[in-house]
Amino acid sequence: MYKRQLLRPERHWLYPLFGWFAVAIPLLVTLLRTSAFTQWRDDLPVVRALGLVPIGGEGTLSSVLMQAASFLPIGGRVLRAALPSALCLALAARLAYALTARLLEQNAWTPRLTPFLALAAALTATLAPTWQLEGTIAGGATLAAALVLAGLLLRPTADTRDARVWLGFGAFVGLTTMESHAAGAVLLVALATQIFAIGQVPPRRGVALAAGGALAVIPLGAIPTAGGPFASPAWGHPGYTSWFASGSGIGTAASRGRSPPTSWAGVGEGSSA
């Protein structure tokens, strides 16, 4: 009986299909609503990511994604910076779908109904106004939320003996904390609740290895602070040259001899301070 409970039940053929729906529907809806202009809600993330200004020791991963998105040959700078938030919202929807399906499989064996219920739960959450507000702006909290959901799915079991698994999971928790201190704290509380609820207390060796992995990556968040004095007094992202050549946004203003918009003024000064 105990071995039977450990085996994953056979899933219905609708499960993978609805899994794609859980990604595609939130992604399309969010992309259609993504803002191409700065909002008061994304001023701080835009300055932190596009200006490479270390603020509060957070937003490390989202800043990297926003810098990578600057290479995309679409839209303006702010629109490109907002695309990672929409993609992370779709990822969070897929993770919510997987978590809900796992919960239903373990407590209510309904193979035909499980994909419908899991999809409904994922869409209800990610299409809600709160999620949409974060998924349609640059530097939204969707990446942090996706990392928390992924942490609950990736948690090693108590019988895991491979040290690399524990080190990797600890590094993942550290990366989550570097992205958002609140998300890191929420993940730790959720993991503790999950562990004690199912009675799988990890071994001390595993906890020590995970702590070591987290402590090994957290100092990486100090790199922007250390490199701040050496930053160029301009928007510091790799796609700046290609974006400037497109003749849009602040590049156009600079080429015509006008000053940048007021909300972006002084960003270069902050990055070099």
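**Exercise 1. The whole chain**

How much of the accessible surface of the protein belongs to carbon and sulfur atoms? Describe the overall make-up of the model as well.

*Solution.* The model is predicted. Step one: the accessible surface comes to about 14800 Å², and 69% of this area belongs to carbon and sulfur atoms. Step two: the protein has 15 helices and zero strands. Step three: 41% of its 273 residues count as buried. Step four: take the contacts between residues at least 6 apart in sequence; 76% of these join residues at least 24 apart.

**Exercise 2. The nonpolar cores**

Find the residues with the most contacts inside the largest nonpolar core, and name helices that supply it.

*Solution.* In general, nonpolar side chains in soluble globular proteins tend to be buried together. Step one: the largest nonpolar core has 30 residues, and Tyr97, Leu119, Leu149 and Leu187 have the most contacts inside it. Step two: at least two residues of this core come from each of α2 (14-33), α5 (77-107), α6 (114-126), α8 (142-154), α9 (163-179) and α10 (181-198). Step three: another core lies apart from this one and has seven residues, including Leu50, Met66, Ala81 and Ala82.

Step four: examine Leu50, which lies in helix α3 (residues 43-50). Leu50 has 2% relative accessibility, so it counts as buried, the cut-off being under 20%. Leu50 and Met66 are 16 residues apart along the chain, and their C-alpha atoms are separated by 7.4 Å.

**Exercise 3. α2 against α5**

Classify the packing of α2 and α5 from the angle between them.

*Solution.* Step one: the angle is about 150 degrees, and the axes are 8 Å apart. Step two: angles over 145 degrees count as roughly antiparallel, so α2 is roughly antiparallel to α5. Step three: the crossing of these two helices is right-handed. Step four: residues of α2 that meet α5 include Leu14, Tyr15, Phe18, Gly19 and Ala22, while Tyr97 is among the α5 residues on the other side. Step five: look at Tyr97 by itself. Beyond its neighbours within four places in sequence, Tyr97 is in contact with these five α2 residues, Leu14, Tyr15, Phe18, Gly19 and Ala22, and also with Pro115, Ala118, Leu119 and Ala122.

**Exercise 4. α5 against α8**

Do the same for α5 and α8.

*Solution.* Step one: α5 and α8 pack at about 25 degrees, with axes 8 Å apart. Step two: an angle under 35 degrees counts as roughly parallel, so α5 is roughly parallel to α8. Step three: this crossing is left-handed. Step four: the contact involves, among others, Ser85, Cys88 and Leu89 of α5, and Thr142, Ala146 and Leu149 of α8.

**Exercise 5. α9, α10 and Leu187**

Classify the packing of α9 and α10, then decide whether Leu187 is buried or exposed.

*Solution.* Step one: the angle between α9 and α10 is about 140 degrees, and the axes are 5 Å apart. Step two: the two helices are therefore oblique to each other. Step three: Phe169, Val173, Thr176, Thr177 and Glu179 of α9 make the contact with His181, Ala183, Gly184, Leu187, Leu188 and Leu191 of α10.

Step four: Leu187 belongs to helix α10. Leu187 counts as buried because its relative accessibility is 0%. Step five: leaving aside neighbours within four places in sequence, Leu187 is in contact with Val148, Gly151, Leu152, Val173 and Thr176. Step six: Thr177 is ten residues from Leu187 along the chain, and their C-alpha atoms are separated by 8.9 Å.

Definitions and conventions
Residues numbered from 1 in each chain as written. Predicted model: local features only at pLDDT ≥ 70, side-chain atom pairs only at ≥ 80, totals over all residues. Heavy atoms only, no water. Helix = DSSP H or I, 4+ residues; strand = E, 2+ residues; numbered from the N terminus. Buried < 20%, exposed > 50% of the residue type's maximum accessible area, 1.4 Å probe, protein only. Contact = heavy atoms within 4.5 Å. Areas by Shrake-Rupley, 256 points an atom, 1.4 Å probe, with all protein chains shown as cover. Core = buried A, V, L, I, M, F, W, Y, C linked by side-chain atoms within 4.5 Å. Axes fitted to C-alpha atoms, helices over the stretch in contact; angles between N-to-C directions. Parallel < 35°, antiparallel > 145°, perpendicular 65-115°, else oblique. Left-handed = near helix turned anticlockwise from the far one by under 90°.
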